[in-house]
Amino acid sequence: MTDLTPTSDLPAFRRRGGLRGRSLIPVGGEREVALNRASREILPLPPEETSKPRVWRNGVFGALDIGTTKMTCLIGKGEPDGSIQVLGYGWRRSHGIRSGSIVDIREAEAAIRATVGQAEEAAERRMDSLVVNLSCGHPRSRLIDAHMPIGGREVTDGDVQRLITDGQARAWSEGRDVIHTLPIGYVVDSMPGIADPRGHQCEQLATKLHVVDMNSSALRTLDTVLQHSELKLDGLVSSPFASGVAVLADEERDLGVTVVEMGGGTTSLAVFCEGRLIHTAQIPVGGLHVTRDIAGVLSTSLETAERLKTMYGAAQLGSDDQREILSVPLIGEGRDRLARIPRSKVISVIQPRVEETLELVRHALDNAGLGRLANGRVVLTGGASLMEGIVPVATRILARPVRMGKPLNVHGLPETAAASAVFSTAAGLLAWAAGADRDFGDISTPEPRSGSLLKRLVGFIRDRG
């Protein structure tokens, strides 16, 4: 008698040692298998504890997003349910800003005063200090290794502080100010993945720090403009970092995700993994370049080009775009002289620039040295990301899953912007001021000034290393 000879009424797949495969389940056997599976005694994992709402700092906070094309100010506070309530907002067209940098102090000051004043009037309160986004000063992102001997005893607060000081000393560069010092994780005697080493007993303690710094002169210029506007710089946050704080769910940041903030003058990105910011980069191309392309090709004004981009622009051609005709005023031809062009003409100008921008993003991710950590989902945000059809184009070029991002758990934004990405950076800045910075353990200190004790300490450590 062979294995193929039936010996009982049991289904064949059971007699064969539990072979799996739907093709082996006899007709009508699906229900029996399901019932047997349901009847097994399986000890499930305990349920996750219900997460408590975030506890915010007390008070009212202000945030200022200084962009190339617009400035945005939000005034708000944290609510007991973990959300952010916006009490007042203001936004104006930017002046004196180019590619995120201040190029005209007087124009930038006037724009900041008007933007903040509008938000203060809506919130019915005056702000003395604000958290501001970092988009100027050629920001640079680096990973720094630091280590120190412990000698078999318990790691203390002082040990952690000395380790961080050593890492900051290694990161220090002449003419640069450190903006973020973010511990990615600690290593205790070659055992990685330690979130908090205090209390561990070990011979050697090490850490990897993500440091973001900027040009010192650009920081001084920004501080000067704010002082002229009767404001104090309460904090500085990398723009894509702030956007990630606003638009990402906690699980996304844990699993691995890249935020791509598509602004007017620049496109910047931030890579998160295991809840930490591990990389940032900035590309000097943005939505304003698309506007200039349209104006140049169609011989129309920048204002008309911006309107065409906003109302009729798309990242890829559609089947009906050739038949939709637009009337476009030409520069120097008088108001009555209009050129009639198909919508496809506008899109044919936009598409190459959008594809070039996304290819630069892909190149930046592929060459960041992060390996698989940079291969997760991409979340697009920023005003330039609102282009029709940009998600499928980004999915194709970046070769990664892509979704649109908008501020989460932020109430009181304009209705037209609450469902979009326009206020992402400003919302993240406001959340950071209210207490979201605690999630990332940012332990940056002001850059040591000449002659100070900390300056000499940093110099001593650098020379010793």
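The legends below describe close-up views of one predicted model.

**View 1. Overview of the predicted protein chain.** The model is a prediction, and its protein chain has 14 helices and 19 strands. Of the 465 residues in this chain, 46% count as buried. When contacts between residues at least 6 apart in sequence are taken, 67% of them join residues at least 24 apart.

**View 2. The open sheet of 5 strands.** The order of the strands in this sheet is 14-13-12-17-18, and the pairing is mixed. Strand 14 (276-283) and strand 18 (402-404) form the edges, each of them pairing on one side only. From one strand to the next, the twist averages 20 degrees. Helix 6 (residues 239-247) lies across strand 12 (257-262), strand 13 (267-273), strand 14, strand 17 and strand 18, and runs at about 115 degrees to strand 12.

**View 3. Strand 12 and its two neighbours.** Strand 12 is mostly covered, with 6 of its 6 residues buried. Val 257, Val 259 and Glu 261 point one way from the strand, whereas Thr 258, Val 260 and Met 262 point the other way, and all are buried. Strand 12 is joined to strand 13 by 6 bridges, the two strands running antiparallel, and Thr 258 stands opposite Val 271 in strand 13. With strand 17, by contrast, strand 12 pairs in the parallel sense over 5 bridges, and the bridge partner of Val 257 in strand 17 is Arg 377.

**View 4. The hairpins of strands 12, 13 and 14.** A hairpin joins strand 12 to strand 13 through 4 residues, and Thr 266 is found in the loop between these two strands. Thr 266 counts as buried because its relative accessibility is 11%, under the 20% cut-off for that class. Leaving aside residues up to four places away in sequence, Thr 266 touches Ser 99, Glu 261, Gln 282, Ile 283, Pro 284, Val 285 and Gly 286. Strand 13 continues the sheet by pairing with strand 14 in the antiparallel sense over 7 bridges, with Ala 270 standing opposite Thr 280 in strand 14. The hairpin of strand 13 and strand 14 has 2 residues between the strands, and in this hairpin Glu 274 takes a positive phi near 50 degrees.

**View 5. Helix 11 against the sheet.** Helix 11 (residues 390-398) lies across strand 12, strand 17 and strand 18, and runs at about 150 degrees to strand 18. Its buried residues include Ile 390, Val 393, Ala 394, Ile 397 and Leu 398. These residues cover an arc of only 110 degrees around the axis, which puts them on the same side of helix 11. An α-helix has 3.6 residues a turn, so residues three or four places apart point the same way. The buried residues of helix 11 pack against strand 12, helix 10 (343-366), strand 17 and strand 18. Just after the helix, Ala 399 takes a positive phi of about 55 degrees. In the sheet, strand 17 (residues 377-381) and strand 18 pair in the parallel sense over 3 bridges, and Val 379 stands opposite Arg 403 in strand 18.

**View 6. The largest cavity and its lining.** The structure holds 2 cavities of 30 Å³ or more, and the largest has a volume of about 60 Å³. Met 262, Thr 267, Gly 286, Gly 287, Val 290, Arg 353, Val 354, Thr 357, Ala 384 and Met 387 line the largest cavity. Helix 8 (287-298) and helix 10 each supply at least two residues of this lining, and its largest share, 3 residues, comes from helix 10.

**View 7. Ala 384, one of the lining residues of the largest cavity****.** Ala 384 has its place in the loop between strand 17 and helix 11. Not counting residues up to four places away in sequence, Ala 384 touches Met 262, Gly 263, Gly 287 and Ile 390. Among these partners, Met 262 and Gly 287 also belong to the lining of the largest cavity, and Ile 390 is one of the buried residues of helix 11. Ala 384 and Leu 288 are 96 residues apart in sequence, while their C-alpha to C-alpha distance in space is 8.6 Å.

Note on methods. Residues numbered from 1 in each chain as written. Predicted model: local features only at pLDDT ≥ 70, side-chain atom pairs only at ≥ 80, totals over all residues. Heavy atoms only, no water. Pairing = 2+ DSSP bridges. Axes fitted to C-alpha atoms, helices over the stretch in contact; angles between N-to-C directions. Contact = heavy atoms within 4.5 Å. Buried < 20%, exposed > 50% of the residue type's maximum accessible area, 1.4 Å probe, protein only. Arc of directions from axis to C-beta. 1 Å grid on protein atoms, 1.4 Å probe; cavity = no way out; pocket = protein on both sides within 12 Å on 5 of 7 lines; lining within 4 Å. Points joined across faces, edges and corners; volume = space filled by probe spheres on them.
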